[in-house]
Amino acid sequence: MTYTIETRGLVKRFGEVTALDGLALTARQGTVLGVLGPNGAGKTTAVRILASLLRPDEGSARVCGWDVARHPHEVRRLIGLTGQYASVDQDLTGQQNIVLVARLLGFSRSAARRRAAELLGRFGLTDAAGRKARTYSGGMRRRLDLAVCLVGDPSVLYLDEPTTGLDPESRSQLWDIVRGLVTGGTTVLLTTQYMDEADQLSDDIVVIDAGKSIATGTPEELKAKTDRQTLEIQPADPAQLETAGKLVAELSGTRPHVAGTQLRLHVNDLALPGAVLRRLDEAGIEVMELALRKPSLNEVFLSLTGHQNRHEDPATATTEAAGPAETAEPAEAAERSRT
Amino acid sequence: MSASATAPVRHRLGLVTTARHCFSLTGRNLLHLKANPGEIVGFVFVQPLLVIALLVYVFGGAISGDTATYLQYALPGLIVQNSVMSVLTTGAGINQDMSNGVFDRLRSLPIARIAPLIGHMLGHMTRVTAGLLMLLVAGLLQGFEIRTGLLSALSALLLALVFGIGLAWVSIAIGVSARSATTVHMFSGVLSLPLTFVSNVFVETDTMPGWLQAWAKINPISHEATALRALMSGGPLGTSVWWTLGWAATLTAVFAPLALRAYRQRVV
């Protein structure tokens, strides 16, 4: 199978710092590849190499079959780049920004104006067309940035942390735009440090840390990979929490963790919930709720990288701190690779 | 296969396409003027008029005895000084583009690699031209006489522009290599002082100490000012035009490759 985006063993060093340490990733045509990783993991360096702005020290990167280092011009014909670093000209109006890029791509003056009007309309910027980009809100600027990228109908789009710093409404607007583009056949590489963003948009995810890929798969596969499902049991009478906890401990061999009026337990054995329910029933403990929950991507991320993603909200972060003792092997591997 | 061992395949764009990219980006540079009308007013009106008023009316009497004589001596030099100061700001705009991500956007497009630099340069040279013409017009209004002929006076302006292109490469090299806009401004400032003041732009050089005269004699600005004076007011042209063109060629030959190399290697 040929991939639209494919890197092998990418290495990039900046002096002493190794930004990429043998990164491999692939994206299929017409899908979203989410590149998930903490700050400094190497996401932006990877995007810059794939956009022909940086040359890798080792390894190869291909876009639609073209080697990025050898055929940068061909690659530039296929890609659109938006994100943290590539940016619109703040002193030009939204309309002028789009017309400029259209002219550079060979549009005639009138075709460039038509294209600008069309894209501005599509991204809800018609009213702001004549205003300098400097006066735009964060969300408007990202939309303009995206509009500028799409002038030449790129078949591959790089979105480098497209929603960092945006309010929730602008975020979901941008997500909708990305979904629309993918439906139209565009291949998207999206870097993000937000779990929910990767979960919402990606067909495939590659988790990177310290410049290398530490896990790949669909969001579902990644969640399944950390085989820690959580069993949550809530007795109807909170006074019975302790008795119930003992019974569960007898069955499973580990003491459940008490969180409010709930018992929580990491389980691998899928027969356990049924057994627990029967046992509690026999003991006359009425169960109000019993649920088996898959881990959130955030938990997956934690167990893979061994460190907390800084951008998650603190409430969910505490739940995860519940099981640090069970942190799986990959985390240790990641630790080692950082030293 | 190691990627670093394989050089990129150079994609030669036609001359027409390259020129089109350069002009589109020149247009973008000039749109900045429209976005900041203050810049037009400052560059094209206030600066020339203020410079003439200050130098000619404040210093004129003291240096040459009367203001009219000094205006006739100084205006060609002021045109030179104005173009030098203005050309040296080219690098600042380029540096700004590099730090705010505009260059990354441009470099990710399938356009001629050199177009972003040339766009800035041509945009700046357009401003320089407007400034020169304004200075000349302002000077004429105050009583400056072109004693040679219109063609000769226009070739004087053309000479100033050609030298300006040579000097623009110096500024571009600084702009591409510097880490911050502040560095660019500092370098340009430091560079412009010995160039314009230690020359015959404002005064004859024979009262300067010997070591300073030595520099003033080879200083391209002195030659350029001499050439412009001769082309506008008459008088001996000597080798000044050749010196000026030679300097323009030398600066281009040295600094254009430096600028392009730094531009290609720049990784932010």
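This is a working chat about a predicted model with chains A and B.

Me: How is chain A divided into domains?
Reply: Chain A falls into domain 1, covering 5-222, and domain 2, covering 229-293, and the centres of domain 1 and domain 2 of chain A, taken over C-alpha atoms, are separated by 46 Å.

Me: Let's take the sheet with strand 1 of chain A; what is the strand order?
Reply: The order is 2-1-4-5 in an open sheet of 4 strands in chain A, and the pairing is antiparallel.

Me: And which strands stand at the edges there?
Reply: The edges are taken by strand 2 (17-27) and strand 5 (66-67) of chain A, and because each has a single partner strand, one side of each is left without a neighbour in the sheet.

Me: How many bridges join strand 1 to strand 4 of chain A?
Reply: There are 5 bridges between strand 1 (residues 5-14) and strand 4 (residues 58-63) of chain A, two strands that run antiparallel, and the bridge partner of E6(A) in strand 4 of chain A is R62(A).

Me: Which helix packs on that sheet?
Reply: Helix 1 (residues 43-50) of chain A packs on the sheet, where it touches strand 1, strand 2 and strand 4 of chain A, and the direction of this helix makes about 115 degrees with that of strand 1 of chain A.

Me: Now the sheet with strand 14 of chain A, what is the order in that one?
Reply: This is an open sheet of 4 strands in chain A with the order 12-13-11-14 and antiparallel pairing. Strand 12 (257-259) and strand 14 (287-293) of chain A stand at its edges, each with a single partner strand, so one side of each lacks a neighbour in the sheet. On average, and with direction ignored, neighbouring strands of this sheet are turned by 25 degrees against each other.

Me: What about the bridges between strand 11 and strand 13 of chain A, and which residue stands opposite I233(A)?
Reply: Strand 11 (residues 229-235) and strand 13 (residues 262-267) of chain A run antiparallel and are joined by 5 bridges, while the residue opposite I233(A) in strand 13 of chain A is L263(A).

Me: Which strands does helix 10 of chain A lie across?
Reply: Helix 10 (residues 272-282) of chain A lies across strand 11, strand 13 and strand 14 of chain A, and it runs at about 170 degrees to strand 14 of chain A.

Me: Over to chain B, what does UniProt list as "transmembrane region"?
Reply: The unreviewed UniProt entry lists residues 40-64, 70-94, 114-138, 150-172, 184-203 and 241-260 of chain B under that name. In the model, residues 70-94 of chain B are 92% helix and 0% strand, with the end C-alpha atoms 37 Å apart, and residues 114-138 of chain B are 96% helix and 0% strand, with the end C-alpha atoms 36 Å apart.

Me: Pockets next: what is the volume of the largest pocket, and which residues lie nearest its centre?
Reply: The largest pocket has a volume of about 880 Å³, and among the 30 residues that line it, R76(A), P8(B), R10(B), R113(B) and R264(B) lie nearest the centre.

Me: Which helix gives the most to that lining?
Reply: Helix 11 of chain B gives the most to the lining of the largest pocket, with 4 residues; the elements that each supply at least two residues are helix 2 (72-78) of chain A and, from chain B, helix 1 (15-35) and helix 11 (240-265).

Me: And how many cavities of 30 Å³ or more are there?
Reply: A search of the whole structure finds 3 cavities of 30 Å³ or more, and the largest cavity holds about 70 Å³ of space. Its lining includes N97(A), L100(A), R28(B) and R105(B), and two or more lining residues come from helix 3 (94-104) of chain A and from helix 5 (102-107) of chain B.

Note on methods: Residues are numbered from 1 along each chain as its sequence is written. Chains are lettered from A and ligands numbered from 1 in the order in which they are written. This is a predicted model: local features need pLDDT of at least 70, side-chain atom pairs count only at pLDDT 80 or more; totals for chains, interfaces and linings use all residues. Side-chain values use heavy atoms; hydrogens and water are left out. Two strands pair if DSSP finds at least two bridges between them. Contact means heavy atoms within 4.5 Å. Axes are lines fitted to C-alpha atoms, for helices over the stretch in contact, and angles run from 0 to 180 degrees between N-to-C directions. UniProt positions are given in the numbering used here, feature names are shortened, and annotations may be inferred rather than shown by experiment. Domain bounds come from an automatic or database domain assignment. On a 1 Å grid over the protein atoms alone, a cavity is a set of points where a 1.4 Å probe fits but cannot get out, and a pocket is an open set with protein on both sides within 12 Å along at least five of seven lines; lining residues have an atom within 4 Å of a point. Grid points are joined across faces, edges and corners, and a volume is the space filled by probe spheres set on the points.
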